[in-house]
Each structure stands twice: as C-alpha cells, then as structure tokens.
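Subject: Structure handover

Hi,

Here is the structure for you to look at. My notes on the ligand site and the empty spaces follow below it.

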Amino acid sequence: MANDDLIIDPWGSAQSTDYDRIIEQFGLSSMEGVSLDSPSKLHRRGIVFAHRDVDQILEAQRTGEAFGVLTGLMPSGQMHLGHSMVVEQVKWFQQHGGDVTIAVADLESQATRGVSLEKGRRVALEEYIAHYAALGLDPDQTNVYFQSTRPVVQRLGFQLGKRTNLNEFESIYGFSGETNLAHVQAPLVQVGDILHPQLDEFGGLRPVVVPVGVDQDPHLRLTRGLAAKTNWFNLRDASSRGLLVSLSVHDENAAVFGQLPNGRVDKAKVAAVFDAVVEALTDLGFSDIMSSPKQGHVHVPSATQRDKHGIRHALLSLERRLGGLGLMAPASTYHHFAVGMTGDKMSSSQPKTTLFLRDDLAAVEKKIKRAFSGGQPTVEEHRRFGGNPDIDVAYQYMMYFFEEDDNYLAEINASFRAGKLLAGEMKQLCVERATEWMSNLHEMRDQTAHLVNDFLAEDSR
Ligand code: TRP
C-alpha cells in the first residue's frame, strides 16, 4: 500500500471528506446516473453519493423480489442529527419493500466505550429506537436485536475469522502491534451482523443493503471479501463470449467436491456437482450450457452481464443445498457527512457541533444563531461579494435535514450567493424550519413511544 493512501479508522475522530478520493481508492461506484424511483431528498441532493452493488437492490425493488436492509447503532451517548441520515435511508428502502434488521452494537459499545450491556440496552431503546420510531420506521417491518443475545452473529463472525488474518486487518484498518484485540473482535461481530440476515432462519438468501457513513466502509470491505472467500462457485467472464462457472475448492467443500485427502479425485462426485450446476443453469432458461469437468468449468456462451446476478443467486442456492453457507456480498450506500455547526466536524462529545434530537427549541435557536456562517464579515461586503452557501451551516442544515422543497432551496441558495439574502436572515429561515422539524419530531416521539417494544425481534424482547 502506498504511504499516501487513506486509511479510514471507524473508531477514530478524523473524518475524510475527500469523497472523490474515497470513491477512487476504495472502488466505490458513484450514485451519479443511478436512477431511483421517488428519490428522497438525500438522493436528490447528491448527499448519498456512492454505493457498492446497489443495482442489485434496485433490481429487486423493480421486480418485487425480496431484499433486506441492515444497519447497526452504537448505543452510547445521545442521538443527534447526523445519526438521523441513516434512518432516513433505511426508511426509504423500507418504503420500497425492504425488510429491516437493526443491530444494537452492545458488545462493541461495551468493549470500545465501556458501556455495560444493561445500559446499552436502555440507551438503545430509550434514545435510539424511540427516535427511529418518531422518524417514521415501521415496527412491523423492522427487527431490532442485540449483538450480545444473538449467538449466531458471533458464531458467524468467529467462523469467517478463519478466512482473514492480521495482515489484512493491518491494511484495512491500519492496526499495529498495540491494537487492542476488541478492535479485532468488533469487526468480526459486525461481519456477523451484516451477513446473518441471509441465513435461512433470518429471511434467507436475498440481497441485503447496508446504508452507512463512509467511516464504516472498512467493515464492508472486510465483509464483502470474507463472503466471497466462502463461496463454493466462481463466476467470471469467459475470454471468448459469455460466462464461466468454476469450483472454488476449500476445506469446507473438499469432500463434497470429491477432492480426496490423498490428492486423488473422486470423478463420480465431481460429475455430480457439475450436473447440479448444469441443472441450476438449465432452470434459468439457458440452453447452450457446455460442461467440462476436466477443464474445471461450465461455459454459458449466451450469458451476458445482465445474467450475472441471477446466475450468482442460483449458484448460492445450490451451494446451500450442498451444505455451504451461500453468502452474497452485501450492497452498501454512503452518505456525505453534514458539517458540524461550528464549522468543524460534527461530534457527540462536542455538543456545540450538532443538534441532539432531545435539544429543546431554545437550544436549537441558540445553536443555529451561533453557527458558522458563509456570509461576509459586514453587510456591505455581503451585498457586494455575496455569501457562500456551501459552507454556511444554516443553509447546509436546511439542505441536509429540514427543507423538503428543492425549488425553495435553490432560490435561497441563489439569493445568498448574490448577496441579497443576508447571513442573519438565512439563520432566521433555518431557525424557523428547524423549530418546525424538531417540534414535529418531539410530538411524534410522544405518539410513538408505545411502539418501541414492537421494534424488537422475538429473541430480543
Ligand atoms: N460499528 C457501528 C458504529 O460504530 C455500529 C454497527 C454495528 C453497525 N454493526 C453494524 C453499522 C452493522 C452498520 C452495520 O456505529
């Protein structure tokens, strides 16, 4: 790895906002040009800026196939505006047909922040889930669980831990000899969080999308890599035309794939596996399937890129029937971080940098009035040179959180830039919108308080 490469530390306080570089270095895909059905304001405004494999999810939305949405929360501290962005995205996916799973990272919070499991549970319900309900998540389509009481999550993490090593952790997370091992365990548990909704008892094989801030991308890279390493079948482009399926032999499947311990091959077993692959492909409607166990692959010349998802799905089901885990790499979406109110980074430990969802209206007004401004130092200069809405907190918060109307935003943006709308006036507009948004949220929180327990999965009540 070159020295100037970015390392994103999910536990650190540094935050890279060099989004183009993040896209390029970590191989994310841009959301530009991805067309969505009834996009939310975060989508329309480019705030959700990147993804991995989100097309799989959109395809499932279009065809009405099942898909899952997973997110996790750290039960420590108070919920603030920044946290609400993931909830808004989860809600959007939910409204478009996704079933939602929410991991309460109580083990991670205990190990990395010293929060006891009891306290973690209380904070998760009273602070986080209470607000998720108020923000409009549907309890009937949401399952909240705790890392500490869903053993399969930990088991899966442990099991997949076999397919990575400290070198990989060093390159993904920048770990070194002094790294606390809780920081090795927590990502593995998170791998379990992200992959377990695909297990048969938790909804079964289907694409799952994980909306996160980019700070969580290291966990997604790890998870996607591990899922791929467990797969029993590879699918790749044929050098001539079409797609090739081949076997990926490892400990777990050597017996099923007829690889005998003495290095010999049980040809009948290999033939049976190849026949099963051919059958799975035939079921998908292909009729030009060329199976060559000797060369180790099945070639489908007529298969195109568009068939990849369906074929991969069929191969994962086959893998499950043969005894494998059959895990699909998770999809993900990434959002920009809103600037902190002081102009620095938003942080729960610096109350002036954000609005907490429990702030009263007086505090909301005070924080906005003191927020970092993109206006000029004097009214004269502002009228002459105009302000900069890109760094103006009041404008940014309307765009990220409080204002639904795109046209209105465009108007105040232009008028601020032109120096017609003054910095104080922009703040006043933001105070009005924020007050309305917050009082509505607080009212909803009272109205939905009785629903909080309905969000809990059966194993978590
Ligand atoms: N590590 C996440 C955080 O710090 C919480 C989390 C746990 C999570 N499991 C997850 C997030 C799965 C997304 C998906 O906030």
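Start with E108. One of its polar side-chain atoms lies 3.0 Å from a nitrogen atom of the ligand. Keep in mind that this is a predicted model. Q190 also puts a polar side-chain atom by the ligand, 2.9 Å from a nitrogen. For Q216, an N or O atom of the side chain is 3.2 Å from a ligand nitrogen. Taken alone, the ligand exposes 360 Å², and the protein buries 90% of that.

The shell around the ligand

Besides E108, Q190 and Q216, the residues around the ligand include L70, G72, M74, A105, D193, I194 and V210. By class, this shell has five nonpolar, three polar and two charged residues. Two elements, β3 (68–73) and α9 (182–195), each supply at least two of the shell residues. The most comes from α9, with three residues.

The pocket

Which pocket does the ligand take up? The space it fills is the largest pocket. The volume of that pocket is about 1,200 Å³. Its lining counts 44 residues, and M74, H83, R113, D215 and Q216 are the closest to its centre. Two of these names, M74 and Q216, also appear among the residues around the ligand.

Several elements give two or more residues to the pocket lining. They are:
- the strands β3 and β6 (208–213);
- the helices α4 (81–95), α5 (106–113) and α6 (117–134);
- the helices α9 and α10 (217–230).

The lining divides into 19 nonpolar, 19 polar and six charged residues.

The cavity

How many cavities of 30 Å³ or more does a search of the whole structure find? It finds one. The largest cavity has a volume of about 30 Å³. Its lining is made up of M31, L36, H43, V48, V54, L58, W92, F93 and T333. Seven of these residues are nonpolar and two are polar, with no charged residues. Both α3 (54–63) and α4 supply at least two residues of this lining. Helix α4 also gives two or more residues to the lining of the largest pocket.

To recap for your setup: the ligand takes the space of the largest pocket. The side chains of E108, Q190 and Q216 each place a polar atom by a ligand nitrogen. The cavity to check separately is the one lined by W92, F93 and T333, among others.

Best wishes

Terms used
Residues are numbered from 1 along each chain as its sequence is written. This is a predicted model: local features need pLDDT of at least 70, side-chain atom pairs count only at pLDDT 80 or more; totals for chains, interfaces and linings use all residues. Side-chain values use heavy atoms; hydrogens and water are left out. A residue is near a molecule or strand if one of its heavy atoms lies within 4 Å of it. A polar contact is a pair of N or O atoms within 3.5 Å; within protein, one must be able to donate a hydrogen and the other to accept it, and residues adjacent in sequence count only if both atoms are side-chain atoms. Accessible areas come from the Shrake-Rupley method with a 1.4 Å probe; for residues, only the protein chains shown count as cover. On a 1 Å grid over the protein atoms alone, a cavity is a set of points where a 1.4 Å probe fits but cannot get out, and a pocket is an open set with protein on both sides within 12 Å along at least five of seven lines; lining residues have an atom within 4 Å of a point. A molecule sits in a cavity or pocket if more than half of its atoms lie within 2 Å of its grid points. Helices (H or I, at least four residues) and strands (E, at least two) are DSSP runs, numbered from the N terminus. Ala, Val, Leu, Ile, Met, Phe, Trp, Tyr, Cys and Pro count as nonpolar, Asp, Glu, Lys and Arg as charged, and the others, Gly among them, as polar. Grid points are joined across faces, edges and corners, and a volume is the space filled by probe spheres set on the points.
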